[in-house]
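Me: Could you take one aromatic part of this protein and walk me through it closely, then show me how other spots in the chain compare in setting? I work at the bench, so plain words are welcome.

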Amino acid sequence: DGVKTPSYIHWFNVSGTISNNFDDVTISASSKFEQDKLQRLMPFEYSKLTNYSKEYLAGFYANHYDKDVKSSWSEAKEYMDDQIKKTIVASYHADVVDYLNVSTIHSNVTYKYVLMPVYVLNYRYKKKDYAVNINGNTGKVFGKSPISFWRVLGVVLLCAAVLIGGYYLFMKGNSDSAQIINQIVNNKLLF
């Protein structure tokens, strides 16, 4: 009781240069499909890109971009800067970083406007709306599905019953172990 472990803090300044190569940073150009949803559907197979043909969309609704290149480029720079900062912090194995100033230079920048094969399924179940998003390139799926309160409650009660039953059988079968566990539970056994 009352034993404190001392903490040692070592402050030091670090400077340097790091070079990262980013290829095909994907930014959603539609305000109707948020960036975090797109990130969850990643990766896309860019090697399979083909030139656009209106037949690809026959029978489907499609979103048109509503963000300009300048705002999309700003989002891409934020993403890349964040990745660079994570790389720097990880390379020093520091628990705490008090201040990190990063100055980036971007070179050989190119842009591609690509219509990604993303399918969105919206449905209503018991007066609640749900959405499922599908990467049409890789088949990756994410979304919310209805959760039954009664099924969740049943699983919780089943787990509780198994734990209580296991504890009961353990205590019944081994009286020495039962005494030790009771002492630990009652904070009477100190190490």
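Reply: Happy to. Let's begin with Tyr 111: its relative accessibility is 51%, so this residue counts as exposed, the cut-off being over 50%. Please keep in mind that the model is predicted.

Tyr 111 belongs to a wider topic, the aromatic pairs, and the count of these comes to five. One of them joins Tyr 65 and Tyr 113: the ring centres are 4.8 Å apart and the planes meet at 75°, so this pair is edge-to-face, a label that needs an angle over 60 degrees. This pair links distant parts of the chain, with the two positions 48 residues apart in sequence numbering. Tyr 65 sits in the loop between α1 (35-41) and α2 (69-92), while Tyr 113 sits in the loop between α2 and β1 (118-125). Tyr 65 has 40% relative accessibility and therefore counts as partly exposed. Tyr 113, with a relative accessible area of 55%, is exposed.

Now back to Tyr 111, whose partner is Trp 73: this aromatic pair is also edge-to-face, at 6.0 Å centre to centre and with 85° between the planes. Here too the pair links distant parts of the chain, since Trp 73 is in helix α2 and Tyr 111 is in the loop between α2 and β1, 38 residues apart. The two partners have contrasting surroundings: Trp 73 is buried because its relative accessible area is 18%, and buried means under 20%, whereas Tyr 111 is exposed.

The loop that holds Tyr 65 also holds Asn 63, between α1 and α2. Asn 63 is partly exposed, at 42% relative accessibility. Leaving aside residues up to four places away in sequence, Asn 63 touches Ser 30 and Lys 32. Asn 63 and Leu 115 are 52 residues apart in sequence, yet their C-alpha atoms are 9.1 Å apart in space.

For a buried asparagine, look at Asn 135 in strand β2 (residues 128-135). Its relative accessibility is 0%, so Asn 135 counts as buried. The side chain of Asn 135 reaches the backbone nitrogen of Asn 137 at 2.7 Å and the backbone oxygen of Pro 43 at 3.0 Å. Pro 43 is also among the residues that Asn 135 touches, along with Leu 41, Phe 44, Pro 117 and Lys 140, when residues up to four places away in sequence are not counted.

Another spot to view is the second largest pocket, with about 210 Å³ of space. Its lining includes Tyr 125, Lys 126, Lys 128 and Tyr 130, and also Pro 146, Ile 147, Ser 148 and Phe 149. By type, that lining divides into five nonpolar residues, one polar and two charged.

Finally, here is the whole chain as a backdrop. The protein has four helices and three strands, which run α-α-β-β-β-α-α from the N terminus on. Of its 191 residues, 14% count as buried, with Trp 73 and Asn 135 meeting that criterion. Among contacts between residues at least 6 apart in sequence, 49% join residues at least 24 apart.

Conventions
Residues numbered from 1 in each chain as written. Predicted model: local features only at pLDDT ≥ 70, side-chain atom pairs only at ≥ 80, totals over all residues. Heavy atoms only, no water. 1 Å grid on protein atoms, 1.4 Å probe; cavity = no way out; pocket = protein on both sides within 12 Å on 5 of 7 lines; lining within 4 Å. Points joined across faces, edges and corners; volume = space filled by probe spheres on them. Nonpolar A, V, L, I, M, F, W, Y, C, P; charged D, E, K, R; others polar. Buried < 20%, exposed > 50% of the residue type's maximum accessible area, 1.4 Å probe, protein only. Polar contact = N/O pair within 3.5 Å; in protein donor to acceptor, adjacent residues only side chain to side chain. Contact = heavy atoms within 4.5 Å. Phe/Tyr/Trp six-rings, centres within 6.5 Å; stacked < 30°, edge-to-face > 60°.
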